Amino acid sequence: MRTFGVEEELLLVDPVSGVPQAVSGSVVQYARRHAEVLFNGGRRSEPLECELQREQLEICTPVCRTLDEVSAHVRSARQAAAQAAAGVGITVAALATSPVAVRPSLSPTHRYRRMSDAYAATTDEQLTCGCHVHVGVATPDEGVAVLDRIRPWLPALLALSANSPFWQGADTGYDSWRYQVWGRWPSSGPTELFGSAKAYRATVEALLDTGALVDEGMIYYDARLSRRYPTVEIRVPDVCMHADDAVLIAALVRAMVDTAAESWHAGEPPDPVRADLMRLAMWRAGRSGLREDLVHPATRRAAPVHEVVRALLEHLGPALDRTGDLTTATRLLHGILERGNGAQVQRAVHARTRDVTAVVSDAVRRTTS
């Protein structure tokens, strides 16, 4: 089975007011000092890391082979982050944007200062939390073949994971406002077909040659080849409020990669859908999530959510079955459809309380439950 792993970004918030707190450095230092306790004897890789803004924290799983491993590590990483945050008097929330108004504080690194200088308000306002899934590939050419073939299915991941309806204290009307904010980066979003690793590399070099990007780490495609690992990295989802939803996203992404690689090895061409149509499909998924029609990945026409979800399961079913994940993925998928994605949960809390602080408090509880 292909290896895979999950990276999640969490908000660091005051447990009473819900206001994000600029203390990521202190949380990471606390985690390093107490690693033996937090991580059951310590870990070789760094499990907690600072991110662009000091109000957020990145957690990650190790390389996993089974969905049970991913589930256990996602939960343990969230628990460790919550314990480390408690060590400095705050807590964590799996929210892709802050419901409470905040002015973010840039992490004090040379790279992030360069980004702030280059992109001004785009950097200064960019307090968003995503979920990135890495899946192993055999070669760069297989990785690019996967990137070319998973494109039509990525909007469904955004709709399922959407968890950012509020921005600066108000409802934006979007289920994933994070994806809209992320789209301000000049290299973000859907891509055209690449065809080969050589063409992918040439495209990256052409983008860097424009001088508009600080470095190669800013290739912010919806899905890309990892610079550090032999993986493809899918970057579309919001961070999920519930650990179960993050586990589902990981299962679906690995199955997407498996299905796409199998298609490539069989000599089947990728769907030639244009990037501008993909951009509209992604917008639709971020705008209404699971509340309204999505763009069907096969017909390119508006279709009810249940039809798109059924098509997704039919497309990925054989790969999920091969890894033994079909039953679990189906159960978790039905769970999201019954409960709602994170945006729907947040809005339900706000409808009852009319209080964005209550939205944060509810998310804090769900993050580690």
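Which residues is Ala 343 in contact with, leaving aside its neighbours within four places in sequence? I began the notebook with this question, working from a predicted model.

**Entry 1: Ala 343**

I located Ala 343 in helix H14. Beyond its neighbours within four places in sequence, I found Ala 343 in contact with Ala 162, Asn 163, Ser 164, Pro 165 and Asp 175. I then looked up its accessibility: the relative accessible area of Ala 343 is 0%. Ala 343 is therefore buried, since that term covers values under 20%. I also noted the separation of Ala 343 from Thr 259, which is 84 residues in sequence and 29 Å in space, C-alpha to C-alpha.

**Entry 2: positive phi**

I next recorded residues with a positive phi. Arg 354 is not a glycine, yet has a positive phi of about 55°. I placed Arg 354 in the loop between helix H14 (342-353) and helix H15 (356-367). Arg 354 counts as exposed because its relative accessibility is 65%, and the term applies over 50%.

Gln 168, also not a glycine, has a positive phi of about 50°. I found Gln 168 in the loop between strand S6 (166-167) and strand S7 (170-171). The relative accessibility of Gln 168 is 40%, so I entered Gln 168 as partly exposed.

**Entry 3: helices H1 and H3**

How do the axes of H1 and H3 cross, and at what angle? I read that the axes of helix H1 (residues 24-33) and helix H3 (residues 67-86) come within 8 Å and cross at roughly 110°. H1 and H3 are therefore roughly perpendicular to each other, because angles of 65 to 115 degrees count as such. On the H1 side I listed Val 27, Tyr 30 and Ala 31 as making the contact, and on the H3 side Gln 83, Ala 84 and Ala 85. By class, I entered 5 nonpolar residues, 1 polar residue and no charged residues for this contact.

**Entry 4: the largest pocket**

I turned to the open spaces. The largest pocket holds about 650 Å³ of space. Its lining comprises 32 residues, and those nearest its centre are Glu 51, Glu 58, Arg 111, Tyr 112 and Arg 224. I noted the elements that give two or more residues to this lining: strand S1 (4-13), H1, strand S2 (48-50), strand S3 (56-60), helix H4 (110-119) and strand S5 (131-136). H4 provides the largest share, with 3 residues. By class, I recorded 9 nonpolar, 11 polar and 12 charged residues in the lining of the largest pocket.

**Entry 5: the second largest pocket**

For the second largest pocket I entered a volume of about 420 Å³. This pocket is lined by 20 residues, with Glu 7, Thr 61, Pro 62, Val 63 and Tyr 229 nearest its centre. S1, S3 and S5 are the elements giving two or more residues to its lining. Which element gives the most to the lining of the second largest pocket? I found that S1 does, with 4 residues. The classes in this lining are 8 nonpolar, 7 polar and 5 charged.

**Entry 6: cavities**

How many cavities of 30 Å³ or more does a search of the whole structure find? I recorded 7 cavities at that cut-off. The largest cavity has a volume of about 80 Å³. Among the residues lining the largest cavity I noted Leu 147, Ile 150, Arg 151, Leu 154, Tyr 221, Asp 222 and Met 278. By class, the lining of the largest cavity divides into 7 nonpolar, 2 polar and 2 charged residues.

Key:
Residues are numbered from 1 along each chain as its sequence is written. This is a predicted model: local features need pLDDT of at least 70, side-chain atom pairs count only at pLDDT 80 or more; totals for chains, interfaces and linings use all residues. Side-chain values use heavy atoms; hydrogens and water are left out. Buried means under 20% relative accessible area, exposed over 50%, partly exposed in between (1.4 Å probe, protein chains only). Axes are lines fitted to C-alpha atoms, for helices over the stretch in contact, and angles run from 0 to 180 degrees between N-to-C directions. Angles under 35 degrees count as roughly parallel, over 145 as roughly antiparallel, 65 to 115 as roughly perpendicular and the rest as oblique. Contact means heavy atoms within 4.5 Å. Ala, Val, Leu, Ile, Met, Phe, Trp, Tyr, Cys and Pro count as nonpolar, Asp, Glu, Lys and Arg as charged, and the others, Gly among them, as polar. On a 1 Å grid over the protein atoms alone, a cavity is a set of points where a 1.4 Å probe fits but cannot get out, and a pocket is an open set with protein on both sides within 12 Å along at least five of seven lines; lining residues have an atom within 4 Å of a point. Grid points are joined across faces, edges and corners, and a volume is the space filled by probe spheres set on the points.
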